[in-house]
Amino acid sequence: MRVACSSCSAQNRLPASRLLDKARCAACKASLLPLSRPIAVQSGEDFEELVRDAKVPVLVDFWAAWCGPCRLVAPELEKLAAQRSGLTIVAKVDTDAEPRLSARFGISSIPTLVLFRQGREAKRISGAMSASAMATQLGL
Ligand SMILES: [Zn+2]
């Protein structure tokens, strides 16, 4: 799947099963993995691979740029991703860019957070909340 470097924005191609390993960006050599920030899912194929192959639970934020509550949740997700680096992968799906994914999961309001464990939906919550409230409600 593609992982964008947070320093130089270069796309790095990595297997989702290796997201807990250490890796550097191929372009600028900045630290890329282990992930400590939310990862932007860039295609349906990348989504499948991530949810299927990740070795830890994957929390997916279904969001959109025009959604006010999504902007409130974004920094909380950053916090959660940093706090749970190596334990939970936090991913973001732009519902405008990936309407098929939001349709498939019946996303009717955003932000909606869906937790996948071993490839299956384990829990979902909707609406803006703090990182600690998310962790409690999702059982992380
Ligand atoms: Zn880079």
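# Close-up views of a predicted model

**Figure 1. Strand 6 and strand 7, side by side.** Let us start with one pair of residues: Phe-62 has Val-93 in strand 7 as its bridge partner. Before going on, please keep in mind that this is a predicted model. A second pair to look for is Trp-63, which stands opposite Asp-94 in strand 7. Together, strand 6 and strand 7 pair in the parallel sense, and 6 bridges link them. Is strand 7 enclosed or open to its surroundings? Of its 6 residues, 5 are buried, so strand 7 is largely enclosed by the rest of the structure. As background for this and the later sheet views, strands of a sheet pair through backbone hydrogen bonds, in either a parallel or an antiparallel way.

**Figure 2. The whole open sheet.** Now step back to see the sheet to which these strands belong. It is an open sheet formed by 5 strands, and following their order gives 5-7-6-8-9. The pairing within this sheet is mixed. Which strands stand at the edges? They are strand 5 and strand 9; each has a single partner strand, so one side of each is left without a neighbour in the sheet. At one of these edges, strand 5 pairs with strand 7 in the parallel sense over 2 bridges. To find this spot, look for Ala-40, which stands opposite Lys-92 in strand 7. While you trace the chain, it helps to know that side chains in a regular strand alternate between the two faces of the sheet.

**Figure 3. Strand 8 and its two partners.** Strand 8 covers residues 112–117, and 5 of its 6 residues are buried, leaving the strand mostly covered. How does strand 8 pair with strand 6, which spans residues 58–63? The two run in the antiparallel sense, with 5 bridges between them. Val-58 makes a handy landmark here, as it stands opposite Phe-116 in strand 8. Strand 8 also pairs with strand 9, residues 120–126, through 6 bridges, and these two strands run antiparallel.

**Figure 4. The turn of the hairpin.** This view zooms in on the place where strand 8 gives way to strand 9. The hairpin has 2 residues between the strands. Which residue here takes a positive phi? Gln-118 does, with a value near 50°. Beside the turn, Arg-117 has Arg-120 in strand 9 as its bridge partner.

**Figure 5. Four cysteines around a zinc ion.** Leaving the sheet, we come to a metal site. Which residues coordinate the zinc ion? The SG atoms of Cys-5, Cys-8, Cys-25 and Cys-28 do so, at 2.3 Å. The angles among these 4 donor atoms run from 106 to 112°, and the site is tetrahedral. If you look along the sequence, the donor residues follow the spacing C-x2-C-x16-C-x2-C. Two of the donors sit in loops: Cys-8 between strand 1 (2–4) and strand 2 (11–13), and Cys-28 between strand 3 (23–24) and strand 4 (31–33), so this pair ties together parts that are 20 residues apart in sequence. Cys-8 is partly exposed, with a relative accessible area of 34%. Cys-28 is also partly exposed, at 33% relative accessibility.

**Figure 6. The largest pocket.** Next we turn to empty space. Rolling a probe the size of a water molecule over the atoms shows where such space is left. The largest pocket holds about 380 Å³. Its lining is made of 21 residues; Ala-4, Ser-6, Arg-37, Pro-38 and Ile-39 lie nearest the centre. Strand 1, strand 4, strand 5 and strand 7 each supply at least two lining residues. Which of the strands gives the largest share? It is strand 7, with 3 residues. Sorted by class, the lining has 13 nonpolar, 3 polar and 5 charged residues.

**Figure 7. The largest cavity.** The structure has 1 cavity of 30 Å³ or more. The space in the largest cavity is about 40 Å³. It is lined by Leu-35, Ser-36, Arg-37, Ala-81, Ser-85, Thr-88, Ile-89 and Val-90. By class, 4 of the lining residues are nonpolar, 3 polar and 1 charged.

**Figure 8. A serine in helix 4.** Our last stop is Ser-132, which belongs to helix 4, residues 131–138. Is Ser-132 buried or exposed? Its relative accessible area is 53%, and Ser-132 is exposed. From Ser-132 to Leu-14, the C-alpha atoms are 30 Å apart in space, while the two residues are 118 residues apart in sequence.

Key. Residues are numbered from 1 along each chain as its sequence is written. This is a predicted model: local features need pLDDT of at least 70, side-chain atom pairs count only at pLDDT 80 or more; totals for chains, interfaces and linings use all residues. Side-chain values use heavy atoms; hydrogens and water are left out. Donors are N, O and S atoms within 2.8 Å of the metal (3.2 Å for Na, K and Ca); water is not among the atoms, so sites may look incomplete. Four donors count as tetrahedral if all angles lie between 85 and 135 degrees; four count as square planar and six as octahedral if opposite donors are over 155 degrees apart and all others between 65 and 115; anything else is irregular. Helices (H or I, at least four residues) and strands (E, at least two) are DSSP runs, numbered from the N terminus. Buried means under 20% relative accessible area, exposed over 50%, partly exposed in between (1.4 Å probe, protein chains only). Two strands pair if DSSP finds at least two bridges between them. On a 1 Å grid over the protein atoms alone, a cavity is a set of points where a 1.4 Å probe fits but cannot get out, and a pocket is an open set with protein on both sides within 12 Å along at least five of seven lines; lining residues have an atom within 4 Å of a point. Grid points are joined across faces, edges and corners, and a volume is the space filled by probe spheres set on the points. Ala, Val, Leu, Ile, Met, Phe, Trp, Tyr, Cys and Pro count as nonpolar, Asp, Glu, Lys and Arg as charged, and the others, Gly among them, as polar.
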